[in-house]
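Student: Got a minute to walk through this model with me? I'd like to start with the charged pairs.

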Amino acid sequence: MTDQVTSIEQSKRLIELGVPVEKASMVWHTMPAVIGRSKLRIAEEEHVGWMCRNFPGQYAPAFTVADLLGLLPPKISCQDPSDGNFRMRRYMGENGIEWVVDYDRFIANDVSIINALVETIILLVSTKHELNL
C-alpha cells in the first residue's frame, strides 16, 4: 500500500504548493525516534487535517492515487482549443513500464504512478494552472 500514497516529503511539497491537508484520505503516523519508522493509517476525511495540524510531529498526510487524480483538472487552457486535454497512460519505457500524464503541452512520466502524479501537480502549479481544490 505504501507505493500507492505520497511519501511524507511529497506530502509536504504538495502542501507548500497549496494543496489542503484535508484532501488526503490517509495519514502517516510517525513512530518515536527510537523505533524510527512510519506506519500508514487510514483516517476519516474530517480527521486528517485535525490530526496533522494538532500533532504535526506524529502525523503527516498521505495522498492516495485517487486523491491526486481528484486534484487534476480535466483540461487546462492552451492557445489552441483542441490542446490541453488530460490523458494518462502506461507504456514500456527504458526503465520498464512507465506512467505518463500529459496535457498536450507538457508531460510527466515515471515508473511510479505517485511520482508521475506529484510531478504533474508541481508542473501545473508552477505554470499557474489551477488544481481542483
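Tutor: Sure. This is a predicted model. Start with R89 and D102: their side chains meet in a salt bridge, 2.6 Å from N to O.

Student: Where do R89 and D102 sit along the chain?

Tutor: R89 is in strand β4 and D102 is in strand β5. They are 13 residues apart, so the pair links distant parts of the chain.

Student: What else does D102 meet in a salt bridge?

Tutor: R87. The side chains of D102 and R87 meet at 2.9 Å, N to O. R87 is in strand β4 too, 15 residues from D102. Together, R87, R89 and D102 are linked in a network of salt bridges.

Student: Is D102 buried or exposed?

Tutor: D102 counts as buried because its relative accessibility is 3%, and the cut-off for buried is under 20%. The two arginines count as partly exposed: R87 is at 37% and R89 is at 39%.

Student: Why can side chains like these pair at all?

Tutor: Side chains of opposite charge can pair when their charged atoms come close.

Student: How many salt bridges does the count come to?

Tutor: Three. Besides the two at D102, R13 forms a salt bridge with E16, with the closest N and O atoms 3.8 Å apart.

Student: Where do R13 and E16 lie?

Tutor: Both lie in helix α1. They are three residues apart, about one turn of the helix. R13 is partly exposed, with a relative accessible area of 34%. E16 is exposed, at 60%.

Student: Back to the strands. Which strands form the open sheet, and in what order?

Tutor: Three strands, in the order β4-β5-β6, with antiparallel pairing. The edge strands are β4 (87–93) and β6 (107–110), and each pairs on one side only. On average, neighbouring strands are turned by 25° against each other, direction ignored.

Student: What packs on that sheet?

Tutor: Helix α4, residues 113–126. It touches β4, β5 and β6, and its direction makes about 155° with that of β6.

Student: And how many bridges join β4 to β5?

Tutor: Seven, and the two strands run antiparallel. One residue to look at is Y91: its bridge partner in β5 is E98.

Student: What holds paired strands together, in general?

Tutor: Strands of a sheet pair through backbone hydrogen bonds, either parallel or antiparallel.

Student: Switching to Q10. Where is Q10 found?

Tutor: In helix α1, residues 8–16. Q10 counts as buried at 17% relative accessibility.

Student: Which side chain joins that of Q10 in a polar contact?

Tutor: N115. The polar contact between the two side chains is 2.7 Å. A polar atom of the Q10 side chain also lies 2.9 Å from the backbone nitrogen of S7.

Student: What does Q10 touch, leaving out residues up to four places away in sequence?

Tutor: I114, N115 and V118.

Student: OK, new topic: A60. Where is the place of A60?

Tutor: In strand β3, residues 59–62. A60 counts as buried, at 9% relative accessibility.

Student: What does A60 touch beyond four places away in sequence?

Tutor: I8, M26, V27, W28 and C52. Another one to look at is S11: its C-alpha atom is 7.5 Å from that of A60, though the two are 49 residues apart along the chain.

Student: Which residues are buried on each side of β3?

Tutor: Y59 and P61 on one side, A60 and A62 on the other. Both faces of β3 are covered.

Student: How many bridges join β1 to β3?

Tutor: Four, running antiparallel; β1 covers residues 26–30. Within that pairing, V27 stands opposite P61 in β3.

Student: Last thing, confidence. Where is it lowest, and where is it highest?

Tutor: Lowest in strand β2, residues 38–42, at a mean of 64. Highest in helix α3, residues 65–71, at 94. The protein averages a pLDDT of 81, and 77% of the residues score at least 70.

Student: How should low-pLDDT coordinates be read?

Tutor: Where pLDDT is low, the predicted coordinates should not be read in detail.

Conventions:
Residues are numbered from 1 along each chain as its sequence is written. This is a predicted model: local features need pLDDT of at least 70, side-chain atom pairs count only at pLDDT 80 or more; totals for chains, interfaces and linings use all residues. Side-chain values use heavy atoms; hydrogens and water are left out. Buried means under 20% relative accessible area, exposed over 50%, partly exposed in between (1.4 Å probe, protein chains only). Contact means heavy atoms within 4.5 Å. pLDDT is the predictor's confidence in each residue, from 0 to 100. Two strands pair if DSSP finds at least two bridges between them. Axes are lines fitted to C-alpha atoms, for helices over the stretch in contact, and angles run from 0 to 180 degrees between N-to-C directions. A polar contact is a pair of N or O atoms within 3.5 Å; within protein, one must be able to donate a hydrogen and the other to accept it, and residues adjacent in sequence count only if both atoms are side-chain atoms. A salt bridge is a side-chain nitrogen of Lys or Arg within 4 Å of a carboxyl oxygen of Asp or Glu.
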